[in-house]
Amino acid sequence: MKKSVFVNLIIGTIGGLLFALGMCMCLLPEWNAFNIGVVCTAIGGISLLVQSIVAWLRSGRKIKINWKMTGKILYGVFAALVLGVGMCLIMVWKLMLPGILVGIVGIVLLLMLIPMFLGLK
């Protein structure tokens, strides 16, 4: 394994952990760490973004936009956000039934990604 690949792996892992821990701090009121969680999430997200850009620049590939893949990615982001809204409805606003319904819709939307990428045979 090259050093650059190993460094990318470490930075990506640390960024992902910071992002996940920050989200937990924001969403779990028992922790009383919302402001620190926002900062932690932002640092993790920025480090992941910078790591991705640096890895792409080091690869030397040209920018070629595949609009089908871009649409699938945007759909996946939307579906994940719908699932996240369902989780927030339950955990933050204590709205159990609407949260469950929105969460189920988010899960179904995410499941629809499988045939989008793999196709049906």
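Analyst: A quick definition to start: a residue is exposed at over 50% relative accessible area, buried at under 20%, and partly exposed in between, using a 1.4 Å probe and protein chains only. This is a predicted model, where local features need pLDDT of at least 70, side-chain atom pairs count only at pLDDT 80 or more, and totals for chains, interfaces and linings use all residues. Residues are numbered from 1 along each chain as its sequence is written, and side-chain values use heavy atoms, without hydrogens and water.

User: OK, is Lys-94 buried or exposed?

Analyst: Find Lys-94 in the loop between α3 and α4; helices here are DSSP runs of H or I, at least four residues, numbered from the N terminus. Lys-94 isn't a glycine, yet its phi is positive, about 60°. Its relative accessible area is 59%, so Lys-94 is exposed.

User: And what is the relative accessibility of Asn-32?

Analyst: Asn-32 sits in the loop between α1 (3-27) and α2 (34-59). Its phi is positive too, near 50°, in a residue other than glycine. Asn-32 counts as exposed because its relative accessibility is 70%.

User: How are α1 and α2 oriented to each other, roughly parallel or roughly antiparallel?

Analyst: Axes are lines fitted to C-alpha atoms, for helices over the stretch in contact, with angles from 0 to 180 degrees between N-to-C directions. The axes of α1 and α2 are 7 Å apart, at about 155°. Under 35 degrees counts as roughly parallel, 65 to 115 as roughly perpendicular, over 145 as roughly antiparallel, and the rest as oblique. That's why α1 and α2 are roughly antiparallel.

User: Which residues of the contact of α3 with α4 are in the majority, nonpolar or polar?

Analyst: The axes of α3 (residues 67-91) and α4 (residues 96-111) come within 7 Å and cross at roughly 160°. The contact (heavy atoms within 4.5 Å) includes Phe-78 and Leu-83 of α3, and Ile-100 and Val-105 of α4. Ala, Val, Leu, Ile, Met, Phe, Trp, Tyr, Cys and Pro count as nonpolar, Asp, Glu, Lys and Arg as charged, and the others, Gly among them, as polar. There are no charged residues, five polar ones, and 17 that are nonpolar.

User: Which helix gives the largest share of the largest nonpolar core?

Analyst: A nonpolar core is a set of buried Ala, Val, Leu, Ile, Met, Phe, Trp, Tyr and Cys residues joined through side-chain atoms within 4.5 Å. The largest one has five: Tyr-75, Ala-79, Val-82, Leu-109 and Leu-113. The largest share, three residues, comes from α3.

Key. Helices (H or I, at least four residues) and strands (E, at least two) are DSSP runs, numbered from the N terminus.
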